[in-house]
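I opened this notebook to look up two things, the surroundings of the ligand and the enclosed space inside the protein. The entries follow in that order.

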Amino acid sequence: MKLCMIGTGYVGLVSGVCFSDLGNEVICVDKDIEKISKLKKGIIPIYEPGLSELVKKNYKANRLSFTTNISEAIQKSNLIFLCVGTPTKKNTNAADLSQIFNAAKEISYNIKSSKIIINKSTVPVATGDQIEKIISKKVKRKLFSVVSNPEFLREGEAIRDFTYPDRIIVGTSNKKSNRILKSLYSPLISKGAKYINTSRRGAELIKYASNAFLATKISFINEIANLCEKTNVNVEDVSIGMGLDKRIGGRFLRAGPAYGGSCFPKDTRAIVDTASKFKTDLSIIKSVIASNKNRSKLLLLRVSKILKNKIKNKKISFLGVTFKANTDDMRESSSLKMIPSLSKKGAIIKYYDPTGYKKEFAKNKNVFNSQSIKDACLDADLIIIHTEWNDFKSLNYKKLSNKKNFIIFDMRNILSYDKIKKDKVKYFGIGRELINLIQILHLLQQQHLKANYWHLQQHE
Ligand code: NAD
């Protein structure tokens with residue numbers, strides 16, 4: 001089939017390349033001239049494992065091309081995928097749909113034959129109706145249909161997620177469009193992906209609800225981790241114990257920093273905003289947003305406590321600054337809150353990320369990019385493991401820091417607790433801190449006394 005992807009970012013590039021690898025002719029369009037000229041030279045603008053090889057292979061096979069010429073791309077294709085950004089609108093919680101509406105206008109100027117417009121961007125329920133309205137101002141309705149086909153890939157695992165999705169959601173009541181899309185996805189369906197045809201609005205809401213639910217899972221286990229720290233319970237045990245229940249599932253149940261990235265923060269805000277426009281109160285998601293906002297403050301307080309409130313001139317090493325491993329995406333990463341705050345308090349910060357220098361910290365005082373883990377950790381008073389890159393899992397931290405009393409704060413619980421104990425390193429994790437056993441016994445005794453007291457009161 002002949003496809004064009006409007007927007008060649010994480011979603012447009014990955015899905016475009018994967019569609020071409022399935023044998024389709026794909027044109028990736030972007031208005032960013034630099035991005036397109038880099039791609040034409042084989043330079044991949046994002047860090048995503050396996051992507052570079054796949055781009056080169058399909059570009060060479062002439063199944064994949066890159067352009068800034070949107071009209072030519074639309075005219076040459078039958079299926080037009082919308083993969084543009086839907087960030088949060090400035091000073092609001094609403095989704096900024098200007099990229100979607102501008103692209104819809106451009107599509108409307110260029111439809112000369114029958115086309116299916118498929119929206120992969122994450123949008124509030126009923127946005128498809130608005131896209132249809134914009135296009136129908138210039139094009140007869142029988143010449144096009146607008147379908148919702150939300151994307152569920154995760155950065156860092158994007159190619160695998162696209163190729164082996166749990167489900168493919170297609171929102172349309174147009175039988176022909178549904179048949180064509182089912183055929184496009186048939187190589188993935190034959191490998192086990194479930195194909196679900198629903199209403200367009202239904203598909204739009206499935207995406208928002210899924211992201212909000214996953215964000216809820218993360219915030220839930222983060223709060224349980226807070227309780228674990230006070231009760232000498234290992235949160236990893238709780239995650240495993242809960243996750244083995246098939247109704248719950250273990251994924252997205254690992255405690256750590258505040259969730260970030262280009263999806264969960266903006267999508268939770270946007271679904272709450274959309275719901276309020278429909279006079280519906282999504283109180284659970286609202287409290288998830290508040291809990292996540294509080295998470296970075298809480299972890300910053302913890303850093304303060306670990307350093308006994310003496311942050312000024314302390315050398316802090318940050319390992320990993322992206323919002324998750326295997327991506328270079330810094331959007332809404334919790335490091336963007338933590339590093340500037342610690343820098344303001346006078347800390348001297350060196351950060352190392354496998355994806356290199358980050359311009360986001362350029363204006364922060366005493367924040368330096370290290371080219372190696374070794375350089376970042378040298379002389380550190382505190383090493384913060386912020387992102388769960390494999391690179392940080394098996395290091396000899398004792399050798400890396402030549403400071404005698406250095407401390408590790410492992411925000412992802414990636415280090416082996418037994419090994420750390422054996423090495424006698426001063427270590428703090430998330431939801432796995434040991435508190436004084438006497439303190440616990442005292443707490444339990446108090447609770448026991450209280451329970452006995454209420455028991456006696458009730459039976460008197
Ligand atoms: P992105 O910002 O990385 O890429 C969007 C691209 O669209 C940019 O390169 C921009 O230049 C281009 N663009 C904007 N308007 C254009 C136009 N009129 N013509 C041509 N190009 C145009 O965004 P992304 O991370 O790929 O996300 C895209 C959408 O997919 C969002 O709605 C997002 O919520 C959703 N999504 C993202 C992910 C993810 O992991 N990043 C996963 C699932 C869904």
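**Ligand shell**

I looked up the ligand first and found 24 residues around it, the closest being Asp 30, Lys 35, Thr 86, Glu 155 and Lys 266, where a residue is near if one of its heavy atoms lies within 4 Å of the molecule. I note that this is a predicted model, in which local features need pLDDT of at least 70 and side-chain atom pairs count only at pLDDT 80 or more, while totals for chains, interfaces and linings use all residues. Residues are numbered from 1 along each chain as its sequence is written, and side-chain values use heavy atoms, with hydrogens and water left out.

I then checked polar contacts (pairs of N or O atoms within 3.5 Å). A polar side-chain atom of Asp 30 lies 2.6 Å from a ligand oxygen atom, a backbone N or O atom of Val 11 lies 2.9 Å from a ligand oxygen atom, and for a polar side-chain atom of Arg 331 I read 3.0 Å to an oxygen atom of the ligand. The protein covers 91% of the 840 Å² of accessible area that the ligand has on its own (Shrake-Rupley method, 1.4 Å probe).

**Cavity**

I searched the whole structure and found 1 cavity of 30 Å³ or more, a cavity being a set of points on a 1 Å grid over the protein atoms alone where a 1.4 Å probe fits but cannot get out, with lining residues having an atom within 4 Å of a point. The lining of the largest cavity consists of Asn 226, Glu 229, Arg 295, Leu 298, Leu 299 and Arg 302.

Terms used:
A polar contact is a pair of N or O atoms within 3.5 Å; within protein, one must be able to donate a hydrogen and the other to accept it, and residues adjacent in sequence count only if both atoms are side-chain atoms. On a 1 Å grid over the protein atoms alone, a cavity is a set of points where a 1.4 Å probe fits but cannot get out, and a pocket is an open set with protein on both sides within 12 Å along at least five of seven lines; lining residues have an atom within 4 Å of a point. Grid points are joined across faces, edges and corners, and a volume is the space filled by probe spheres set on the points.
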